[in-house]
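Trainee: I have a model open and want to learn how to read its helix packing and its pockets. Can we work through it together?

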Amino acid sequence: MTVSDRSAAGLREDRSGPVAVAALREAGFAVADATVVPDGAGAVAAALRAALDGGARVIVTTGGTGVAPRDRTPEGTAEVLDRELPGIAEELRRRGAAEKPAAVLSRGIAGVAGRALIVNLPGSTAAVASGMPVILAVAGHVIDQLEGGDH
């Protein structure tokens, strides 16, 4: 799910969502094409709830994690999460900062909602490409745990 006012208005092509979708598909997840929603906590929360209602088990958002006035993806995500998984977001920032120091400005969060893992990534294609291996390394285990699997 890409969070971007410009992409939602058709002013800019969504390039980061398809990167996440391709990585998930390559890892064996059945994933719909990327969706685009406008910035803002309400829009993000509504889109996440719709994805959860549709049965999504892994939801990756891109964009809206910075400090711009309308960057409210973490706030919208927090409205939906049952529990945060701060280690995922910490690792994403750590790896991102090794590539680009400004990655420490990402406010993205991660956690579980119902039977799903939700992770916020920054909107750049580079951030998505470097972040997806982190998500994919734990997604299967998180889903298994949410189903009652053993450690």
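Trainee: What is the handedness of the crossing where α2 passes α6?

Mentor: Handedness depends on which way the near helix is turned from the far one. In this predicted model, α2 passes α6 in a right-handed crossing.

Trainee: At roughly what angle do the axes of α2 and α6 cross?

Mentor: Roughly 25 degrees, and the axes come within 9 Å. Angles under 35 degrees count as roughly parallel, so α2 and α6 are roughly parallel to each other.

Trainee: Which residues in α2 meet which in α6?

Mentor: From α2, take Ser 16, Val 19, Ala 20, Ala 23 and Leu 24. They meet Thr 125, Val 128, Ala 129, Met 132 and Leu 136 in α6. By class, this contact has 8 nonpolar residues, 2 polar and no charged.

Trainee: Now the pockets. What is the volume of the largest pocket?

Mentor: About 910 Å³. It has 41 lining residues, and the closest to its centre are Gly 63, Thr 65, Pro 122, Gly 123 and Ser 124. Sort the lining by class next: 12 nonpolar, 18 polar and 11 charged. Helix α6 is among the elements that each supply at least two residues of this lining.

Trainee: And what is the volume of the second largest pocket?

Mentor: About 350 Å³. Of its 18 lining residues, Val 31, Ala 32, Ala 56, Val 58 and Ile 59 are the closest to the centre. Its lining has 14 nonpolar, 2 polar and 2 charged residues.

Trainee: Which element gives the most to the lining of the second largest pocket?

Mentor: Helix α2, with 4 residues.

Terms used: Residues are numbered from 1 along each chain as its sequence is written. This is a predicted model: local features need pLDDT of at least 70, side-chain atom pairs count only at pLDDT 80 or more; totals for chains, interfaces and linings use all residues. Side-chain values use heavy atoms; hydrogens and water are left out. On a 1 Å grid over the protein atoms alone, a cavity is a set of points where a 1.4 Å probe fits but cannot get out, and a pocket is an open set with protein on both sides within 12 Å along at least five of seven lines; lining residues have an atom within 4 Å of a point. Grid points are joined across faces, edges and corners, and a volume is the space filled by probe spheres set on the points. Ala, Val, Leu, Ile, Met, Phe, Trp, Tyr, Cys and Pro count as nonpolar, Asp, Glu, Lys and Arg as charged, and the others, Gly among them, as polar. Axes are lines fitted to C-alpha atoms, for helices over the stretch in contact, and angles run from 0 to 180 degrees between N-to-C directions. Angles under 35 degrees count as roughly parallel, over 145 as roughly antiparallel, 65 to 115 as roughly perpendicular and the rest as oblique. Contact means heavy atoms within 4.5 Å.
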